[in-house]
Amino acid sequence: MALEKITKVGSNGLDDDVSAGGGGGGLNTTQDTIDKLLFVHHGGFTADTTISSPQKFVEIFTHSDATIDIDNGVTVTIDDDCMLLTTTKTDFDVNFMAQGASGTNLQRATKFDDNVRTSVTENISLTGVKKVGYSQIPTGAQVDVPFDIDNSVIVTVDDGAVLVI
C-alpha cells in the first residue's frame, strides 16, 4: 500500500499487544494461545470500554456457540459513527492471523488492536512516490463508519496521486 498506515506505534515499534510476526496484527503466543496448544479468540468486556475516534471500529472474533459477555457494572460505550463488529469463525485461519489481522482492530487479552484508524488526526500527504492511498475500513463497516478528517488537519494529495476513501 502506498499510504503509510495512520497508527499509534509503541516505543518498540509495535502495538504492545501484537507480536512481530504477521505484519503487525499477528499471533501473540503469550496472550492469544493457551500453552501454545489452543488459539484463543477473546470475546468480552471486563472493564469500561469506549469505541471511539480515531479507530471508530473494533472487531471480536467469536463462534456461533460462544457468547460475548459484559461483566456486571461494566459499561461499553459506542460513540456516534462507530461500530463493534462481531465475526463468526469456525476454525483457526493461520493465513489471516499472519497477514489479515493487521487490517482490523481485533480484541486481544487486555485491549483491542490499534491497527486501523478511520479519522485523520495528523497532517498526511501523498507526495513523491506515495501515489495511491486507500482507506482501510472493512467492507462490512463502510456504510456505518465514516472516514473523517479533523478540521485542523491538512491532507495533501499531489498531482498524479489519489486518495481512495
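These legends accompany close-up views of a predicted model.

**View 1. F45 and F112 form an aromatic pair.** One aromatic pair turns up in a search of the whole structure. The ring centres of F45 and F112 lie 6.1 Å apart, and the planes meet at 40°, so the pair is tilted. The two partners come from distant parts of the chain, 67 residues apart. F45 belongs to strand 3 (residues 44-45). F112 sits in the loop between helix 1 (94-99) and strand 9 (119-120). F45 is buried, at 3% relative accessibility. F112 is buried too, at 15%.

**View 2. Two separate nonpolar cores.** The largest nonpolar core holds eleven residues. Among them are F57, M83, L85, V116 and V120. I124, I137, A141, V145, F147 and V153 also belong to this core. A second core has seven residues, including I60 and C82. F45 and F112, the aromatic pair of View 1, are also members of this second core.

**View 3. A salt bridge joins K56 and D148.** The whole structure has three salt bridges. In this one, the closest N and O atoms are 2.5 Å apart. The pair links distant parts of the chain, with the two positions 92 residues apart. K56 lies in the loop between strand 4 (49-51) and strand 5 (57-62). D148 lies in strand 12 (residues 148-149). K56 has a relative accessible area of 2%, so this lysine counts as buried. D148 is partly exposed, at 29%.

**View 4. R117 and D114 meet in a salt bridge.** Their closest N and O atoms are 2.6 Å apart. R117 is buried, with a relative accessible area of 16%. D114 is buried as well, at 9%.

**View 5. A salt bridge connects D113 and R108.** The N to O distance is 3.1 Å. Both D113 and R108 are buried.

**View 6. The charged end of K89 sits over a ring.** The ring is that of F61. The distance from the charged end of K89 to the ring centre is 4.8 Å.

**View 7. A nonpolar patch on the surface.** Y134, V162 and V164 make this patch. The patch covers about 250 Å². Y134 is part of strand 11 (residues 132-134). Its relative accessible area is 46%, so Y134 counts as partly exposed.

How values were computed. Residues numbered from 1 in each chain as written. Predicted model: local features only at pLDDT ≥ 70, side-chain atom pairs only at ≥ 80, totals over all residues. Heavy atoms only, no water. Phe/Tyr/Trp six-rings, centres within 6.5 Å; stacked < 30°, edge-to-face > 60°. Helix = DSSP H or I, 4+ residues; strand = E, 2+ residues; numbered from the N terminus. Buried < 20%, exposed > 50% of the residue type's maximum accessible area, 1.4 Å probe, protein only. Lys NZ or Arg CZ within 6 Å of the ring centre and 35° of its normal. Patch = residues over 30% accessible without salt bridge, like charges linked within 9 Å, V, L, I, M, F, W, Y side chains within 5 Å. Areas by Shrake-Rupley, 256 points an atom, 1.4 Å probe, with all protein chains shown as cover. Salt bridge = Lys/Arg side-chain N within 4 Å of Asp/Glu carboxyl O. Core = buried A, V, L, I, M, F, W, Y, C linked by side-chain atoms within 4.5 Å.
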